[in-house]
Amino acid sequence: MNGDHGHEVMLSLTAAISLGVFLIVLARILKQPGIILLLVGGVILGPEILGIVQPEALDEVLPTLVSLAVGIILFEGGLTLDLKGFERGSKVIQRLLTIGVLVTWFGSTLCVWRLFQTDLSFAFLAGSMIIVTGPTVIVPLLRRIHVNDKLHHILHWESVLIDPIGVFIAILCFEWVVGQQGGMAVTNFFIRVLVGMAVGLLGGVIIYSCLKKKWIPESMHNVFILGSAVFVFGITERIIEEGGLLAVTVAGFWVGWRHPVDLKQIKQFKAEITDLLIAVLFVLLVARLELEDFQRFGWAGVILLILVMFVVRPLNIFVSTWGSDLKTKEKLFLSWIAPRGIVAASMASLFAIAMEKQGKESEAALLEIFIYGVIGGTVLLQGITAGPLATLLDVRRKHPSGWLIVGAHGLARGIAKFLKKESDKHVVLMDTNTRMVSRAQRDELTALCENALEVRLLEEKPDLHSVGHILALTDNAELNALLSQKWRRQLGSESQILRWSPRRADQEEVMNEDVEEEIFCPELASPSVISSEIAAAESHLERVVVHKNSRNFEGRVLAMIRKGDVFMSPDFSKKIEKRPGDILLLLKRSGGYLWRSLENGKIVEKAVGNLADLYHVLVSDVVELYPSVSAEKLLEQLKEHDKVFPPAMGRGVAVPHVYSAGLRRRMCILARLIDGITLEGQKENIRLVFFVLSPSGDPEGHLTTLAEIARFCADEGNRKALLNASSPGAMKTLIKRKMQFST
């Protein structure tokens, strides 16, 4: 390679990479399909205008680059395939991938053959190239126009699943044109398919096994996956040409189906690599085009484009949707939306380069002009008109009324079941805890194992398309506040945005008015505490119908259904007046708070001389029961708390009490002091100590427990009975009998 040639190669590649990425980013900002800007950018940078990108300088390596890049793109497509989502889809999608493919292929073939008087084999090749409607153009379009769920689902799955089908039909036709004719072409195609599937499956198994057995360092997973995809492609191409595309698709599908632990990070990395490859490929390939060739395309080319868009696609849709429940206006919209993308462009240029080497320059030029004409026409016309057409046909999504509940614990599942049954609203639970998500799915609830901070999931996950409101129900108040901010911007002002936040009785929380409106049920204990109580049958959720004479309801109102509409106000007593016929979801926390706290703790006898020694002994007992609690932090909390709230209750009773983030259930240690200790300001020595420790975020349970202790110890007979009991076991029996609680 001489110096000038090397300079041209370097300049072409750097310009394609830098400008391509810039245009992709700009397209995301403008919420437009990136291909529109890449088409324009490629023409401007190419020999036709600025001449910065010189495709001729890359003639020797361009076919290899294109083929390898398409392979990596298809590997990413295999990773993202979701058979469960496809199985839940309608028969329309399955027909589009079978009958629809044949209609598009044969219809386009007939148009090319009749209008340009080409060989039938070439017409079949050209027709096969426009079967695909890639997600790289469909997804940004759907993200922008917000069609109804049914149309979104059909267009999404058609674009995701049709790429490999179209690619391999095109490969068969390409072999027919440039290779052997007749039966040998079919035979070679099936050999290629068998080899590609075998190598791809083996490669996928090996990749997954290496990840599962943790042979690859976690920090190297993404690089390992990329290198493995390239290796699978290369080794298959070494065995049989044009088999690598199928192999990498199968390998990607196997890895995605087996779902390694960090698949989400792998998908994100591969998606970024795919964006880069699309940007570079489009600029390089479009730069190869000569505008004079489009002039030679002439009126026959314009008529061909019109037939493909206004005859072939509508025929495909109306045949594939025959007998379905789709309305005519929905079929018309589907008939208009079929933009082609990078896979069609890459395959067209790849085949055109190979045909040029065989001396078929005119056919190669016609192939590229036809495919890029279809790409430009469909992306530009359909991209610009899709929004207005969706409005005209009334197929846009109304403001969604479904609910996203962040958290899949017992409380969240109970609320989701109530909303789903009583309001018929779509409800989705989201949690990063796979065990909780699996439990929700076993309860026949829609649940996703995802990070709710990734608001892009609203468009990427079909299950979220009906979500218009959110309830952030995690134990982390800061996370809930952040979720509220992110989803408010995404969902808009018409949405209910609610979140759990702790309210501590011994703290004042200063909040502005708009944030105050978001708090879900003030004074509610943390979700994990309520969920634990529900699991232990200590609390339960109850459905209640409001009647004419209904007055007060025992329990806390969490949600209300009125004529199918959902209300989850911060404070039902002030915000919403209950009417006959309203359906309420009540949380009822059982009595016996002290008893259940003692069940989680213990009753002991101690001989100590002062309060400090007592605290050390009690804290040691706590840590023995709950190792997650920090002894040093707990002692510091007790010291600080006593400065404001002295522990003595009077009559020889002390009740030190604090909150602990290391607990999930409230506990109490009852200590009977053998000799008693003296506290300043107390007439009687302290003989009974109730040490109450509550989870952070459960002020209601904490204060109710203290109140029960106060009522119990106010009775002199109860105090004497505890002091005279023969053993800690006898003390426990006495409390159980005296409290007369009900579970």
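# A guided tour from helix α23 outward

Begin by selecting Ala537, which lies just after α23 and takes a positive phi of about 60°; helices such as this one (H or I, at least four residues) and strands (E, at least two) are DSSP runs, numbered from the N terminus. The model is predicted, so that local features need pLDDT of at least 70 and side-chain atom pairs count only at pLDDT 80 or more, while totals for chains, interfaces and linings use all residues. Residues are numbered from 1 along each chain as its sequence is written, and side-chain values use heavy atoms, with hydrogens and water left out.

**Helix α23**

Now select residues 527-535, which form α23, and colour its buried residues, Pro527, Ser528, Val529, Ile530, Ser531 and Glu533; buried means under 20% relative accessible area, exposed over 50%, and partly exposed in between, with a 1.4 Å probe and protein chains only. These buried residues of α23 pack against α18, β6, β9 and β15 (686-695), where contact means heavy atoms within 4.5 Å.

**The antiparallel sheet**

From α23, move to two of those neighbours, β6 and β9, which belong to an open sheet of four strands in the order β6-β9-β7-β8, with antiparallel pairing; two strands pair if DSSP finds at least two bridges between them. At the edges stand β6 (539-545) and β8, each with a single partner strand, so one side of each is left without a neighbour in the sheet. From one strand to the next, the twist in this sheet averages 20°; axes are lines fitted to C-alpha atoms, for helices over the stretch in contact, and angles run from 0 to 180 degrees between N-to-C directions. Strand β6 is joined to β9 (residues 583-589) by seven bridges, and the two run antiparallel. Select Leu541 here, and you will find Leu587 of β9 standing opposite.

Next, select Lys563, in the loop between β7 (556-562) and β8 (565-567). Its phi is near 55°, a positive value in a residue other than glycine, and Lys563 is exposed, with a relative accessible area of 83%.

**Lys425 and its surroundings**

Is Lys425, the next residue to select, buried or exposed? Lys425 is buried, with a relative accessible area of 19%, and is found in the loop between α18 (410-423) and β2 (427-431). Leaving aside residues up to four places away in sequence, Lys425 touches Ser401, Leu419, Lys420, Gly564, Asp565 and Val566. For one of these partners, Asp565, the separation from Lys425 is 140 residues in sequence and 8.6 Å in space, C-alpha to C-alpha.

**The parallel sheet**

Following the chain from Lys425 into β2 brings you to an open sheet of five strands, ordered β3-β2-β1-β4-β5 with parallel pairing. Its edge strands are β3 (446-449) and β5 (497-499), each of which pairs on one side only. Inside this sheet, β1 (residues 402-406) and β2 pair in the parallel sense over four bridges, and selecting Val406 shows that its bridge partner in β2 is Met430. Helix α18 packs on the sheet, touching β1, β2 and β4 (467-472), and its direction makes about 165° with that of β2. Then select α21 (residues 477-491), which lies across β1, β4 and β5 and runs at about 175° to β5.

**The nonpolar cores**

A nonpolar core is a set of buried Ala, Val, Leu, Ile, Met, Phe, Trp, Tyr and Cys residues joined through side-chain atoms within 4.5 Å. The largest has 122 residues, and those with the most contacts inside it are Phe282, Phe333 and Ile375. Helix α9 (residues 149-178) gives the most to this core, with 15 residues. A second, separate core of 33 residues includes Leu419, Leu471, Ile561 and Leu587.

Select Phe333 to see its neighbours, among them Ile145, Leu151, Leu389 and Val395.

**Helices α11 and α12**

Finish with α11 (residues 221-239) and α12 (residues 244-258), whose axes come within 8 Å and cross at roughly 145°. The contact is made by Ala229, Val232, Phe233, Thr236 and Glu237 of α11 together with Gly244, Leu245, Ala247, Val248 and Ala251 of α12.

In the loop between α10 (183-212) and α11, select Lys214, whose phi is near 60°, a positive value in a residue other than glycine. At 71% relative accessibility, Lys214 counts as exposed.
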